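Got your viewer open? Load the model and follow along, one selection at a time.

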Amino acid sequence: MLREETLQVSGVRCERCVMRLAKMLEGHEGLEAANANLMGQVTLAWDDERTSREALLAALAKGGFHVPSADASSSPTP
């Protein structure tokens with residue numbers, strides 16, 4: 001099933017950060033789409049049979065990007 005969520009991510013400060021974020025997610029198994037902006041909003045769409053939200057967050061964390069644990073801006077779509 002395809003899932004989509006918009007997250008507020010810390011660590012995005014410039015266009016280079018957005019490119020680094022994209023590089024961290026590039027080729028991730030099951031990721032269907034990713035879009036980030038300079039405000040730190042990242043929209044992810046993934047196949048939850050091939051990957052998980054946690055795996056995507058771990059990939060972001062490797063690049064120095066973090067989602068606050070009480071992310072009030074996230075909006076999961078069933």
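**Starting from the outside**

Switch on the surface first: the protein chain exposes about 4800 Å², with carbon and sulfur atoms supplying 53% of that area. Keep in mind that you're looking at a predicted model.

Now go to cartoon view. You'll find two helices and three strands in the protein chain, and from the N terminus they run β-α-β-β-α. Of the 78 residues in the protein chain, 31% are buried. If you have a contact map handy, look at the pairs with a separation of 6 or more: residues 24 or more positions apart account for 66% of those contacts.

**Into the core**

Next, select Val12, Leu21, Leu25, Leu31, Leu44, Leu56 and Phe65. Within the largest nonpolar core, which has 15 residues, these touch the most other members. Colour helix H1 (15–25), strand E3 (41–47) and helix H2 (53–62), since each supplies at least two residues of this core. H1 gives the largest share, four residues.

Zoom in on Leu25. Which residues does Leu25 touch, once those up to four places away in sequence are not counted? Show Leu31, Ala34, Leu44, Leu56, Ala59 and Leu60, and you have them.

**Over to a strand**

Pick Ala33, in strand E2 (residues 31–36). Its relative accessibility is 40%, so Ala33 counts as partly exposed. Leaving aside neighbours within four places in sequence, Ala33 is in contact with Thr43, Leu44 and Ala45. For a last stop, draw a C-alpha to C-alpha distance from Ala33 to Asp47: they sit 9.9 Å apart in space and 14 residues apart in sequence.

Key: Residues numbered from 1 in each chain as written. Predicted model: local features only at pLDDT ≥ 70, side-chain atom pairs only at ≥ 80, totals over all residues. Heavy atoms only, no water. Core = buried A, V, L, I, M, F, W, Y, C linked by side-chain atoms within 4.5 Å. Buried < 20%, exposed > 50% of the residue type's maximum accessible area, 1.4 Å probe, protein only. Contact = heavy atoms within 4.5 Å. Areas by Shrake-Rupley, 256 points an atom, 1.4 Å probe, with all protein chains shown as cover.
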